[in-house]
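Colleague: I would like to learn how to read a model like this one, feature by feature. Could we go through it together, with the general idea before each case?

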Amino acid sequence: MNTTTVNDTAGHHDHDHDHAPAGLMRWLTSTNHKDIGTLYLWFSLFMFFFAGALAMLIRAELFQPGLQYVQPAVFNQLTTMHGLIMIFGAIMPSLVGFANWQVPLMIGAPDMAFPRLNNWSFWLLPAAGTLLIATFFVPGGAISGGWTMYPPLYMQGGIAYDISILAVHILGVSSIMGAINIIVTILNMRAPGMTLMKMPLFVWTWLITAFLLVAVMPVLACAITMLLTDRNFGTHFFDAAGGGDPVMFQHVFWFFGHPEVYIMILPAFGIVSTILPTFARKPLFGYVSMVYAVASIAFLSFIVWAHHMFTTGMPLGGQLFFMYTTMLIAIPTGIKVFNWVATLWRGSISFETPMLFSLAFVILFTIGGFSGLVLALVPVDIQLQDTYYVVAHFHYVLFSGSAMAIMAGVYYWLPKWTGHMYDEKLGKLHFWLTAIAFNITFFPMHFLGLAGMPRRIPDYALQFADFNAIASVGGLLLGASQLLFLYIVVKCARGGAPAGDQPWEGADTLEWTLSSPPPYHSFVTPPLVK
Amino acid sequence: MQTHTNNAYYVPPPSIWPLVGSIALLTLATGFALLLNKTAAGPYVMALGAGILLFMLFGWFGNVISESLAGKYAGQEDASFRWGMMWFIFSEVMFFAGFFGALFYVRNIGVPMLADAQSLWPGFAAAWPTAGPGLKTEIMPVHAWGIPALNTLILLTSGVTLTWAHWGLQKGKQSQLKLGLAMTIALGILFIGLQWYEYVVLDFTLRDGIFGATFFMLTGFHGFHVILGTVMLIVILFRSLAGHFKPERHFAFEAVAWYWHFVDVVWLLLFVFVYIL
């Protein structure tokens, strides 16, 4: 780079005194990765409770056979919006919140590469969230054909369907800009000496996740743009009479949708891979193989999409191809699980709340991975397509996978972010309530699915009543337990025992070299990594 | 690449523009949804959103340009912009890849499957172009070696003139820079005009089955990108006239040039897969 800038230094130090700007404008106009990370995390927590409330209504309705509280049309809106908002409003933004807080701290960067763009990525989310929530109140109600938005069902709804497409477009813009920001930050802003293979695994998982986002969010934009023009401008992309094909939507959608699944789990892998070594007081076992495993999973995610569509009448060759590629994913995932377990092997383990969540993650995510393998088998999948077995599977990977890893990460980094220790007793209580209630809710769904109960149905045959009652009790307990989580987070943010710079003795990433909470502008001068 | 200079990385002060941009997109989307559902307020809300968006673009880019002129982007920041633009263009590549994927799917899988379903659509034969078995419209495709070939020539030439302008900039020849840019812009406008003419004289629309849908979606989004690229080139021309660019430091020019070449490559693929084949 050129060296004509020596005289510029005077202009640089006048605006970043180390205190945060005050008032509402601090949050509305922020260019600070920590503030924006906090915004992401609060936003996702709000959406988690909103979409969670929808899930409570679903479980209340399914507590017993027959129609109790909501009409079938409303029930369909609940399942659809629960999925859409949990994915795009809760899981993804919370992981981006972690990226915002942690990536610059872990690589020794002063901020994200594009701080203003970073703020835009965040503030687009409330815009899209407002549009999505507003659809409950428009004529005809919210979208109700499932979060996957399949035509021809999607052709038939009212204004909510157009609003939701535009909202997802806005979410896509936000994700693409956010992902570009993360990639550039990681590639360009690492402290001297921080080579790629010295990066904490969390940073690696986000680099690969951000690549997936840039690669597939535009493809989602294609899919929903075609929906929009089919609905409003008379195109026939998904209409056989005009030579189109509704199955084509599924292909385009799942080309986005399967990498999207890994977008939601890879950063969770990164969080768990950070926490397990800390509390096992051993370095992560097989770091290099972990990096390659994540990269392999990302690569494979592009060639497995049609396993979501085995019942659409695909040729045998297609079914076999997608079955085998799907089963291949078990190899890098198996490497990861093996490495996590090997990290624990002969470690001196302590069981603080983040560790409890991480250990539960390893066990429960693996169960979700196994049921995924079951679903990869074409003959089995054809039986289980759209049954509760699928619901059980993806809640094991998304709730006990992503969401519990997110909770682990929140407990792990809250002391750094706030400067206070969270309430360990309450944290452990929250963990046990969550882990037990989660399994009460979702484990019986495997049995329901194997017995043939279809998903997205407000009423069911009598033989499914017992397991549904159990699942509903578990679900309501699971939901109520999360209020405890909110209480613990708020309590920790407002005060508590001082955390000290390094509350976890086994942690060795760069953020622990800073004070807790870190200065408003950290690593303005990059640290030297050995 | 060791990019850390004595300067700290430039972290801009708080900015109102991202929030303005979010309000703009929220208004624009609301207006569009209202418009699509035949609500009288729709166009006005949309226009308001577009206005706010323009306001944001002027404000935000104005901010960036003045920071650039103040020399704040001299070191590591420059590499960030380069990476950022590359990944943005990659996302655009994937956007077009999605629509090309749809085209390849219907041509190789969707339409042949409909022809196989003789019990559903008796007498329908797989052919391209087609408006599908239910519409019974005869499609007269565009003759590739007329306007499309001319447009190919125009865009390829515009790539040459743009590079020539870049050489002028690098050698400090201001007149070559301005002339090259002006020629590139003129060629861009010529392309858009010819494409517009082609749309007018065509006897099929995007309502005419899968051929019309894929044709207009692909060429339409491409044309939209050419318009955007031309606007960007015009901005670059004005900035050149204002003397913003130095022979060794002119990333805005390069970013727009990358974008222009990207649009050019998309057109070549369009020419082959939409017009010729």
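Colleague: Let me start with one residue: which residues does Glu61(A) touch, not counting residues up to four places away in sequence?

Modeller: Happy to help, and please keep in mind that this is a predicted model. For contacts, the idea is to look for heavy atoms within 4.5 Å. Here Glu61(A) touches Gly66(A), Leu67(A), Gln68(A), Tyr69(A), Val70(A), Phe75(A) and Pro458(A).

Colleague: Where does Glu61(A) lie, and is Glu61(A) buried or exposed?

Modeller: Burial is read from relative accessible area, and under 20% means buried. Glu61(A) lies in helix α2, residues 33–61 of chain A. Its relative accessibility is 0%, so Glu61(A) counts as buried.

Colleague: How far apart in space are Glu61(A) and Ser472(A)?

Modeller: For this kind of question, put the separation along the chain beside the distance in space. Glu61(A) and Ser472(A) are 8.7 Å apart, C-alpha to C-alpha, with their places 411 residues apart in sequence. Ser472(A) also pairs with Ile440(A): their C-alpha atoms are separated by 8.6 Å, and they are 32 residues apart along the chain.

Colleague: What does Ile440(A) touch, leaving out residues up to four places away in sequence?

Modeller: Ile440(A) touches Ile470(A), Ala471(A) and Gly474(A). Its place is in helix α14, residues 424–450 of chain A. At 30% relative accessibility, Ile440(A) counts as partly exposed.

Colleague: Let us step back to the whole chain. How many helices and strands does chain A have?

Modeller: The secondary structure of chain A comes to 15 helices and zero strands. To judge overall shape, compare the radius of gyration with the globule rule. For chain A the radius is 23 Å, close to the 24 Å that the rule gives for 530 residues, so the chain is as compact as a globular protein of that length. Its C-alpha trace spans about 70 × 50 × 45 Å along the principal axes.

Colleague: What share of the residues of chain A count as buried?

Modeller: Of the 530 residues, 64% count as buried. Contacts add to that picture: among those in chain A between residues at least 6 apart in sequence, 83% join residues at least 24 apart. The chain exposes about 18100 Å², and carbon and sulfur atoms supply 71% of that area.

Colleague: How would you read chain B: how many helices and strands are there?

Modeller: Chain B has seven helices and zero strands. Its C-alpha trace spans about 75 × 45 × 35 Å along the principal axes. Buried residues make up 49% of its 277 residues. Of the contacts in chain B with a separation of 6 or more, residues 24 or more positions apart account for 70%. The accessible surface comes to about 12700 Å², with 73% belonging to carbon and sulfur atoms.

Colleague: Now the interior. How many cavities of 30 Å³ or more are there?

Modeller: A cavity is a space where a probe fits but cannot get out. The count here comes to five cavities of 30 Å³ or more. About 150 Å³ of space lies in the largest cavity.

Colleague: Which residues lie nearest the centre of the largest cavity?

Modeller: Among its 17 lining residues, Met92(A), Pro93(A), Val96(A), Ser175(A) and Leu213(A) lie nearest the centre. Helices α3 (72–107), α5 (159–188) and α6 (201–232) of chain A each supply at least two residues of that lining, and α5(A) gives the most, with six. By character, the lining divides into 13 nonpolar, four polar and no charged residues.

Colleague: What about the backbone: which residues does a cis peptide bond join?

Modeller: Here the angle to read is omega. A cis bond joins Pro151(A) and Pro152(A), with omega about 0°, and Pro152(A) is found in the loop between α4 (115–134) and α5 of chain A. Another cis bond joins Ser516(A) and Pro517(A), with omega about -10°; Pro517(A) is in the segment after α15 (465–494).

Colleague: And what is phi at Met149(A) and at Arg346(A)?

Modeller: For phi, check the sign and whether the residue is a glycine. Met149(A), not a glycine, has a positive phi of about 60°. Arg346(A), also a residue other than glycine, has a positive phi near 60°. Met149(A) is found in the loop between α4 and α5 of chain A and is buried, with a relative accessible area of 1%. Arg346(A) lies in the loop between α10 (330–344) and α11 (353–376) and is exposed, with a relative accessible area of 73%.

Technical notes:
Residues are numbered from 1 along each chain as its sequence is written. Chains are lettered from A and ligands numbered from 1 in the order in which they are written. This is a predicted model: local features need pLDDT of at least 70, side-chain atom pairs count only at pLDDT 80 or more; totals for chains, interfaces and linings use all residues. Side-chain values use heavy atoms; hydrogens and water are left out. On a 1 Å grid over the protein atoms alone, a cavity is a set of points where a 1.4 Å probe fits but cannot get out, and a pocket is an open set with protein on both sides within 12 Å along at least five of seven lines; lining residues have an atom within 4 Å of a point. Grid points are joined across faces, edges and corners, and a volume is the space filled by probe spheres set on the points. Helices (H or I, at least four residues) and strands (E, at least two) are DSSP runs, numbered from the N terminus. Ala, Val, Leu, Ile, Met, Phe, Trp, Tyr, Cys and Pro count as nonpolar, Asp, Glu, Lys and Arg as charged, and the others, Gly among them, as polar. The radius of gyration is taken over C-alpha atoms; the globule rule is 2.2 Å times the number of residues to the power 0.38. Buried means under 20% relative accessible area, exposed over 50%, partly exposed in between (1.4 Å probe, protein chains only). Accessible areas come from the Shrake-Rupley method with a 1.4 Å probe; for residues, only the protein chains shown count as cover.
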